[in-house]
Amino acid sequence: MRKNVTRKAARNKTTRNGAVRNQSTRKEVMRILEGAEQASLVMALANRGATDLAGVEPAVRRIVADVRRNGNRALRRYATRWDGLDKGEPLLVPEDELHQAWDQSNPELQQAIEHAAGNIRRYAEWQLPAEWRREIEPGVTVGQLVRPLESVGCYVPGGRYPLPSTVLMTVVPAQVAGVREIRVVSPKPAQATLAAAAFLGVREFYRVGGAQAIAALAYGTEEIPRVDKIVGPGNRYVTAAKKLVAFDCAIEFLAGPTEAVVISEAGDPSCIASDLVAQAEHDPDALCIFITPSRSLAKKVQSETQTRTRANPIAAQSLSRRGAILRVDSLEKAVEAANRIAPEHLTLPAALARLAQNAGAVFLDEFTPQAAGDYVSGPNHVLPTAAMARVRGGLSVFDFVRVVGCQQVSREGMKSIAPPGITLATAEGLKGHAEALRVRCSHA
């Protein structure tokens, strides 16, 4: 018996980044972990860090510095080498090319873009913070002003899969916020990506990507003006570049490989497995976890994912490396584990929503596919990973506005607030502050 346990432990190890290392000869897409094994994996995932960028940072640092120093000359050199830009071809996509991409799209795609954009726009409008002013005490009025950023850069990936949905998710909230200058960058943009931009009325779409595009947005070149903030997901080179420019140009957050957690006790295995496979196909490094109190459901989901990944090699690789099924004692314990993991996507029964604390986006009940959030339901699909869901949610209209405090004090109000203000200023040794209050109090 001891010998068998030893062999099992040797076959299955949890790495520091939470990957389930399967060393057995039998290929399992998702292993079922219980007891100490599942507790160990949850601990590893709770302590996981951001995507390891050390391997690409030296190269990215050189690219960013080159574009910052040499501007368009460096940018075009990298764009020609990696982004398929022809010599002499403008970085800026002409507006008639954007419109042509829309006109040549099939009606079904056009309707899908319209539908998704409508929901994303309505959701952002509901999110938009309001301006207000209120009297906090007699003669003292306070409030908030809401002002859009002047300019933003939206990064749209163009690698393994073209993502026209990311055009919608980044541009629409910026438009709702009132951002005046919206610049989109994307390497080798697909027709569908250009069509989505055309539908939204984007006028600045640049066919460039990677670290060089981030540097251009952050510092500006002769062809691409700088922006105040950069948003949007990308590969490790893009993420490393965003990290490097973050003190010179605002970013929303650093996003890593896709993450998904699904919680269920009596759900449909096909629905659960389809969500896990859908998120796993994004990236071989995607993290997909199913948590359940039911051994029976755990085995059914394991079998279903095995079947559904036979024709999906990326998902199969991801679920073999970083996929797992955690068997816990109760649904409450499942949510507790999910809160510790703080995943990008979290699906759980609606009755447990009150217990969910840390997630980039929440999907209630198994009939709500995570893919709906990726495309068309309305909330944003640009989401925090690497446990950053402990401190913020996904991209939203709030990322494109500044909420500015505002106050107004009357002569009568000064009589009330000046004495405690003078006392606090004196305690801090700031005589000028005290005098600024005192002089107004004497006038009042």
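## Residue S410 and its surroundings

S410 is partly exposed, since its relative accessible area is 33%, and partly exposed residues are those that are neither under 20% nor over 50%. The structure discussed in this report is a predicted model. S410 belongs to the loop between β16 (401-409) and α16 (411-427). A distance of 5.0 Å separates the C-alpha atom of S410 from that of G139, although the two residues are 271 residues apart along the chain.

## The sheet β4-β5-β16

The strand that precedes the loop of S410, β16, takes part in an open sheet of 3 strands, arranged in the order β4-β5-β16 with antiparallel pairing. Its edge strands are β4 (132-137) and β16, each of which pairs on one side only. On average, neighbouring strands of this sheet are turned by 25° against each other, direction ignored.

Between β4 and strand β5 (residues 140-148), the antiparallel pairing extends over 5 bridges. E137 has V140 as its bridge partner in β5. The helix α16 packs on the sheet and touches β4, β5 and β16. The direction of α16 makes about 100° with that of β16.

## Salt bridges

How many salt bridges does a search of the whole structure find? The search finds 23 salt bridges. One of the pairs is formed by E223 and R76, whose closest N and O atoms are 3.0 Å apart. This pair links distant parts of the chain: E223 is in the loop between α9 (210-219) and β9 (229-231), R76 is in helix α4 (residues 72-82), and the two are 147 residues apart. Are E223 and R76 buried or exposed? E223 is partly exposed, with a relative accessible area of 27%, whereas R76 counts as buried because its relative accessibility is 19% and the limit for buried residues is under 20%.

A second pair involves strand β5. The side chains of E131 and R147 meet in a salt bridge, at 2.5 Å from N to O. E131 lies in the loop between α6 (107-127) and β4, and R147 lies in strand β5, so the salt bridge ties together parts that are 16 residues apart in sequence. Both residues are partly exposed: E131 has a relative accessibility of 43%, and R147 has a relative accessible area of 34%.

## A network of charged side chains

The side chains of R180 and E150 also meet in a salt bridge, with 3.1 Å from N to O. R180 is located in the loop between α7 (164-177) and β7 (181-185), and E150 in the loop between β5 and β6 (151-155), so this pair ties together parts that are 30 residues apart in sequence. R180 counts as exposed, because its relative accessibility is 60% and exposed residues are those over 50%. E150 is partly exposed, with a relative accessible area of 41%. Through salt bridges that share partners, E150, R180, E181, R183 and E204 are joined into one network.

## Helix crossings

The axes of helix α3 (residues 57-70) and α9 come within 9 Å and cross at roughly 40°. The two helices are therefore oblique to each other, because this angle is neither under 35 degrees nor in the range of 65 to 115. The crossing of α3 and α9 is right-handed. On the side of α3, the contact is made by V60, I63, V64, V67 and R68; on the side of α9, by A211, Q212, A215, A216 and Y219.

A further crossing involves α6 and helix α8 (residues 191-200), whose axes come within 11 Å and cross at roughly 55°. This angle makes α6 oblique to α8. The crossing of α6 and α8 is right-handed. The contact is made by L109, I113, E114, A117 and R121 of α6 together with A192, A195, A196, F199 and L200 of α8.

## A buried serine

Where does S396 lie? S396 is found in the loop between α15 (370-375) and β16. S396 counts as buried because its relative accessibility is 7%. Residues up to four places away in sequence not being counted, S396 touches Q127 and P173.

Definitions and conventions: Residues are numbered from 1 along each chain as its sequence is written. This is a predicted model: local features need pLDDT of at least 70, side-chain atom pairs count only at pLDDT 80 or more; totals for chains, interfaces and linings use all residues. Side-chain values use heavy atoms; hydrogens and water are left out. Helices (H or I, at least four residues) and strands (E, at least two) are DSSP runs, numbered from the N terminus. Buried means under 20% relative accessible area, exposed over 50%, partly exposed in between (1.4 Å probe, protein chains only). Two strands pair if DSSP finds at least two bridges between them. Axes are lines fitted to C-alpha atoms, for helices over the stretch in contact, and angles run from 0 to 180 degrees between N-to-C directions. Contact means heavy atoms within 4.5 Å. A salt bridge is a side-chain nitrogen of Lys or Arg within 4 Å of a carboxyl oxygen of Asp or Glu. Angles under 35 degrees count as roughly parallel, over 145 as roughly antiparallel, 65 to 115 as roughly perpendicular and the rest as oblique. A crossing is left-handed if the near helix is turned anticlockwise from the far one by less than a right angle, and right-handed if clockwise.
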